[in-house]
Structures are given as C-alpha cells and as structure tokens.
Amino acid sequence: MRLPPRRRPPARLRASLLAGAAFASLSTTAFAQAADDYDYGDVEVQELVVSGSRPAGSVIGDITPELTLSPQEIRAYGAASVTELLEALSPQIGSGQGGGRPVILINGGRISGFSEIRDLPTEAIARVEILPEELSLKYGYPAEQKVVNMVLRPRFRATLVEGTVRTPTQAGGGETLGAHGARLDILQGRRLTVDGKANWTGGIEESDRDITGGEGAFRSLQAKSNDVSLNAAYARPLDNGVSMSVNGLFEASDSESRQGLSPFGPEALLRNTERQTARLAASATGALAGWQWSTTGEIERGEVETDTDRASGGRAFQDTARTVTTSGAADLVLNRSFGELPAGQISTALTARASATELESEAVRLGAFQASDLSRTVGELRGNFDIPLTRDGEGLGEHIGRLSANLNLGVEQVSDFGALETWGYGLNWRPTSDLRLLGSFSRSGEAPTMNQLGDPVTVTTGVRVFDLTRGETAEVARTTGGLATLDAGQKDVFKLGATWQPLDDVNLRLQANYVSSRTHDAIVAFPSASTQVEAAFPDRFTRDAAGALTAIDARPVNFALQARDEVRWGLTYSRQIGSEPTADERAERRRRFEAARPAAAPATQAQAPAEAGAQRPAEDRPTREGPPDGPPAGDGPPPSGPPGGGMAMGGRGPGGPGGGFGGFGGGGPRSGVFQVGFYHTLALRDEVQIAPGLPKLDLLDGAALGSGGGSPLHQLELQTNYSKSGLGVAMNANWQSATTISGSTPEGDLEFSDLATVNLRLFADPGRQRWARDYPWLRGARATLSIDNIFDARQEVRTSDGVTPITYQPDLLDPVGRTVRLTVRKLIF
C-alpha cells in the first residue's frame, strides 16, 4: 500500500514538536488533575521494615538478592537518574544468558515499561536489589536477563532543572549541549512524573581527525543531531487493593551527515534523517479470588524518514525512504500458591501475552520506487511452578537447608512463521543463610524477526571492507535486506551459580556463574569477509577476473551451531567510613532546623502518627530504611520531615508535603561509604559451525563473525567509588584481551590489540557543605564532572607486517575518544 505523501522539513520538525508538546500537555494535565483530587492531609506513617519480616517492596518468591544497595551506596555512584544508575551497575546486571536490559520492578511489582521510571532521580530510591535471571520466570518473563527491583521512598517531591555540556578533548566538533527539566511527586503510593529533555550534538568530519585516504570535510564520522523527549507517568492505588500506572512518551530527532564529495561541485552529498516515536502504556495490579494479578498494555508508533543525495551515471538523485512501525502488546500474569507439601505450598505464575506489529515502508532509490508492508502477530502462553522440597530447620531441611525446584514451559505462535516451544527446570538451594546455589536448564525456540524475513533488498555501492583472502581493503557493492528462507533457531542454556557472603560482619559478597549455551540453526547477521565464511557461502561473494572482491550479499543466514561456555565470577564490597552521629547530635540538628524555620505549620492529623512513633521506646519502633548519612547539624541545611530519612509520610517539609529530599537523615560529616566491585569473565569455549560437515570456527583462536575481531578470552570490569558529606568520586575500568583474525595467508592476518578504558566521575552537593548553611538555595544542588575514556584509549588493528588497514584507523573506529562532561543539577523542594 502507498503511504500518505510525506511532509518536508522544517515544517515536519515543527509539527513533531507541536504534536509532542500537545501530547505531553494533555498527559500532564490529566495526571495532575488526578493528583489534585488526592487529599494530601490524610496520611499515615508507613513502616518499611519490621523486625522479623521481609522489607517492604520485596519481590515474590524465595530467591534472595545477589546485591542490595542502600540510598547511601546508591548515591556513591554519582548517578543522577535511573538510566545513569543502570549504566553504572552494568557489571552487576550483565548476564551471560542472552538477554538485554534487565527486568525492572518497582516496589516488587511490574511496571508498564522502562520509560515509566527511566528519568526518576536516584534521590527518590530507598533501596535497589539485583536478583538472578531465574526470578524473571515468576513475573512472566523468560530467564534471560537479571532482575532489578527498585524500592521508592514513600514521600518525595521535587522539581529538577539540569544543564549539561559535553565535549571531546580532541579539537574539532562533537560537542553536546543538553537541557533537562522534570517534576516528581511521590506520596502514599501515588507517583507523578513529568520530564522533558533537549539535546544538540555537533558533527565530526574526517577533516577533524587524523584520517588517511578520506574525504576531509565532505564525509562525517559523527552526524550532527538534535533530539527532544517528553515523558509523563502517573501511578496510584485504587479501591479494593488495585493499583495502576499510565505512561506517555514522545521522542523526536533529526540528524544530518555528509556522505562524501559530490561529483557535481565542491559540496558534500548529504543524508538527512528524522525520527519520531510516540508510546502510550499502562499497567495494573490487584488480587481476585486468591490470585494476584498484574497486566500491562502498550501501543507505539514510530516513523523514520531519510533523504540521501546520490550520484550515478553522471546524474544526481535524491533517494528517499519512509518507514512507519505500529505495534501493540498486552499481557496478563497470574500468581497463586496452592497445595500443601511438607515444605510449603507450590507457587505458580501463569502468563498470557499477545502482540501485533505492522511495518510499512516505501523508498525511491536511483529513481526506482519500491514498497513493502509487513505484519506479525504473536500469541504466547507460559507457566512457571516453584515446588518447595525442604524447609529450613525441619526434617531433611535441618541437615541440608532450604531446597526448591522449578518447572517452566510455554508455547508461542508467530503468525508469519509458526509455533515455538519453550521449557526449562531448575533448583534453588540455600544450605546456609549466607550461601545460595542455583542450577537451571532451558530450551527455547527463536524465530527470525519480521525484518530478517521481509525487509526489502537494497544494494549499497562503495562500501569498504577488509578482504582477508587477499589481505587488502576493497570497495564492494553490499546487498542487505530480508531472506524468507530462514529457519527457526533452538537455544539450550545450562547454568550453575553461587552467591556467598563469607563474613557476617563484613559486607562482602562473592558470586560465580558457569553458563553453557548451544544454539542450533542460529540466526545471525552476515559475518565479515573471512576465508571460512566465503568457503561456506561461496554464492554470497563476487570476485572479478583478477580475484578482487567486488560484491557481498550480506543478508542474514542460519549457522548450523553456535556454542559458548563461560565462567563469570566477581565480588562486591562495601563499608561505611567514619562514625554515625549520636542520638543527641541528631536531636540537636532537628532542634536547630525547627528553630530556623520562619513559621511552624500547625500540627495536623497526619503529623500525629509520626510524633507518636517518635515517643515509643527504640526497641518498639519500626526500622526505617534510608541512607544514614544525610546533612548533619552544622553541615548544611538539615532535612525536612522527621528524622530518620524522611521515610515517615506524616511530616511536611518546605514546599508542601513530601518535600523530603532530606530524607537523607542519619549519618553526618564523619560518615561516608566506600565500595568496590570486580568481575572477571573467562571464555572457555566460543565456536561456530557455519554448515554441517564444515569444521568449527574457534572465535577464541583466529576466527571472527564481525569486523571487530574475535572473541576475547578475558574480560575484566572494576568499579570503585567513595562518597562522604556530599562529595564523591566514582571510577569504572574495563579491559578485554587481544584477539586475532586469521587470513588465508599470514599477510592476511589481523591483530586486534587489547583495550582498556577508564571512566571517572567527580560530584559535589554544595548544599551539604558546612559553609552552605547560610545559603539555603544551594540545597539540592549538584555539580558533576565526568571524564570518559580518561586515557583516550583506542583499539589498534594491524596486519602481520604492522600496517593499519584504512578501514581500521583509530579515529574511524572511535572518532569521539576521550570526553569531558559537566552537569549542573538543581532539585527544588
């Protein structure tokens, strides 16, 4: 089908921004109206942790966290938002089981999607738990990614204003300017977030970097771009124990890159791209007839338009392409315990999921029109059963501890492909309170994506590749698109994992995982032009009479087998630096704060529970979670709300209820936190068999699937951070070992050096300094200086005689290099 005629920029960009502003305005108005209907005065103290019970917001089931972070430890990473925090935690949330972004939970429950919480400031988080992949099954997801549970503070209100400047240290383009504003309200289960961002990024041309054989200012290494995003989310409890959330997102961007010198004059051929995405999602949870249920649903529409200048046969063309993707998805997850075994009840999670996607595209290339219309619907049913085998301290459990088994199975029907089956099983064993062992096996079918099957076939000329057969760089015509004859893959994953806390009085955790995966008929992007790949797919390569490579058909293929075995082990260590303030010091800080307030608000019914709780004996009070190192007396403005971290919901801080940034009560200038995390991944096996009867390719020893080298034998990740009294430093370093790609002759070998990158982040909260006590406007301010790739490291690629191929010049592989970023941020309470 033909799509409606496209509108041309800049009118299109203006329309995008107006549409996004209207979308966010309507969402915000509706959310704010709902929030205004709530009586903030009717609040009670919420007990987060009661001695002998699980902390509020914990996940379902008996799987314990691999790592738990307190607010003090969270702040030590220097991350400003959930997105930045997950980036900082990438070593801890990485998985060898094939998944991508971790499953994100809020207060132990599912949410409508990552965009609902991606912009939350980390100051609103009371606790972060990182849990193994097996927990995903209890929430209706495959066991392919870690689970991150974020427990939010029950009371938080702030307006955020942020500005960012980022620049490469190498002169010549690539600067980024960013502006960010947001509003967040959390109170008694209700949450309202409105967030807006805008960024401008400058381009980098070959003339800005040390490039040999390039086209100078006429070819871009990094496109210049502009992007905006508007995001709003609202969550609240309803009647009868039901809670809901809704999230609206709009994003728009445009970019321009130079594609080389035009043959018709001293100007560059240009490519302009515009993208728009709109998403509306909702979730709800509740209980009915003994079942705990949760459901999510979303609709999304994305549009991409591209104009590319081309020259062929002495004529000028403008290729155009427009793609519109529309999708919708919904699921329902039911949880319940039933039966009565000696060790406890069987718990189950039943999942039904359905989705539909339509992709419409049309393009004009060298004057020829082509169009495609692809669609896919998917239906899925999944069941997960956890069976307790022994109970702590009873029967056999008195000798071996707690042991439970898991069984999961599912079926997926893909409209344009067929049925796929998934099943698995596992054991969860806790022989002691400080040791947990996990073992699991899963088998899952994998269908080709809709694009891999049905994308239109296109040919791009002048693509540079390194020909390993001849040991030279060649310019080829590269064919891309879909291939309807692809088969389904079958993936088997076996895992053994252990988590151990060896010392009771030391916050040290050791982890180790062994993961073995085998994928039959693996669906992969076409690999680089190696001699082994060309021998397996000779019809995909074209050479001229002299043997020079002239064309590659790079559409996806099925490999007979992919096999990888790895061991990943690591440790995390955290300790408090300095001493806690005494009860008298806390009381004095509170007294000084109350005395400094211009006028005390009359006591309300909401304050009474907090006061009553304060008068109870210490041993009868509920334990409140919260960072123990907030601004102390004489060290900046003290927090609003009751002592102990602002976790009680009755107090009212400046700016209205929930103004509790000061929810950071507790420790003082003598108290800080030091953390270290270290992880080592050792690849024991990484092989590919391209087709039956052919020898296996060892990616650890001379073979490669892509142009970036083989698979490193070792990968190391190190994190360390320290914060105290509003000042902090965070560092992470990554290293991978060298690899080699073997050519048909020694002259065709490529050697990829090892690569080590170090990133540093320095941050300061001026409002928490002693000298800032007379400047209350500094409260909530933060300045962050980040240096990424501090040693400007780039991987070196050389042939056996020490020559760097043109396509592997360091500035081509990484034109940005070391960058410095300054962010100034203010939370207004």
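This is a short talk on strands, salt bridges and cavities in one protein model.

Hi everyone, and thanks for coming. One thing before we start: the model is predicted, so please keep that in mind as we go through it.

Let's begin with a run of strands in the middle of the chain. Strand β14 covers residues 315–341 and strand β15 covers residues 344–365, and the two are joined by 20 bridges in an antiparallel arrangement. If you'd like a pair to find on your screen, look for F338, which sits opposite I346 in β15. What lies between β14 and β15? Two residues, and the strands form a hairpin.

Now carry on along the chain. β15 also pairs with strand β16, residues 368–390, again antiparallel, and here there are 19 bridges. A handy pair on this side is A363 with Q370 of β16 opposite. The hairpin of β15 and β16 has two residues between its strands as well, and one residue to pick out there is L366, with a positive phi near 50°.

While you have strands on the screen, here is a general point that helps when reading them. In a regular strand, side chains alternate between the two faces of the sheet.

Next, an open sheet. Which strands make it up, and in what order? There are four of them, running β20-β21-β25-β24, with mixed pairing. At the edges are β20, residues 458–467, and β24, residues 541–543, each of which pairs on one side only. On average, neighbouring strands in this sheet are turned by 25° against each other, ignoring direction. Looking at the β24 end, three bridges connect β24 to β25, residues 549–553, and those two strands run antiparallel. There, R543 has L549 of β25 as its bridge partner.

This sheet also gives us a salt bridge to look at. R464 pairs with E475, and the closest N and O atoms are 3.6 Å apart. R464 belongs to β20 and E475 to β21, residues 472–480, so the pair links distant parts of the chain, eleven residues apart. Are these two buried or exposed? R464 is partly exposed, with a relative accessible area of 39%, while E475 is exposed, at 52%.

That brings me to salt bridges in general. How many are there in this model? The count comes to 45. Let me show you two others.

The first is R825 with E123, whose closest N and O atoms are 2.8 Å apart. R825 is in strand β38, residues 819–828, and E123 is in the loop between β2 and β3, so this pair ties together parts that are 702 residues apart in sequence. Both R825 and E123 are buried.

The second is R279 with E298, where the closest N and O atoms are 2.9 Å apart. These come from strands β12, residues 268–288, and β13, residues 291–312, so here the parts tied together are 19 residues apart in sequence. R279 has 8% relative accessibility, so it counts as buried, the cut-off being under 20%. E298 is partly exposed, with a relative accessible area of 25%.

Some salt bridges share partners, too. R110, D331, R353, E380 and R382 are joined into one network in this way.

A quick stop at T422, which you'll find in strand β18, residues 418–432. T422 is buried, with a relative accessible area of 17%. Its C-alpha atom is 7.4 Å from that of S442, and these two residues are 20 apart along the chain.

Finally, the cavities. Rolling a probe the size of a water molecule over the atoms shows where empty space is left. How many cavities of 30 Å³ or more turn up in the whole structure? The search finds eleven. The largest has a volume of about 130 Å³.

Who lines that largest cavity? There are 17 lining residues, and L67, T572, Y573, Q675 and V676 lie nearest the centre. Among the elements that give two or more residues to this lining are β1 (67–69), β26 (557–577) and β29 (672–689). As for chemistry, the lining divides into five nonpolar, ten polar and two charged residues.

That's my tour. If you'd like one place to revisit, try the buried pair R825 and E123. Thanks, and I'm happy to take questions!

How values were computed: Residues are numbered from 1 along each chain as its sequence is written. This is a predicted model: local features need pLDDT of at least 70, side-chain atom pairs count only at pLDDT 80 or more; totals for chains, interfaces and linings use all residues. Side-chain values use heavy atoms; hydrogens and water are left out. Two strands pair if DSSP finds at least two bridges between them. Helices (H or I, at least four residues) and strands (E, at least two) are DSSP runs, numbered from the N terminus. Axes are lines fitted to C-alpha atoms, for helices over the stretch in contact, and angles run from 0 to 180 degrees between N-to-C directions. On a 1 Å grid over the protein atoms alone, a cavity is a set of points where a 1.4 Å probe fits but cannot get out, and a pocket is an open set with protein on both sides within 12 Å along at least five of seven lines; lining residues have an atom within 4 Å of a point. Grid points are joined across faces, edges and corners, and a volume is the space filled by probe spheres set on the points. Ala, Val, Leu, Ile, Met, Phe, Trp, Tyr, Cys and Pro count as nonpolar, Asp, Glu, Lys and Arg as charged, and the others, Gly among them, as polar. A salt bridge is a side-chain nitrogen of Lys or Arg within 4 Å of a carboxyl oxygen of Asp or Glu. Buried means under 20% relative accessible area, exposed over 50%, partly exposed in between (1.4 Å probe, protein chains only).
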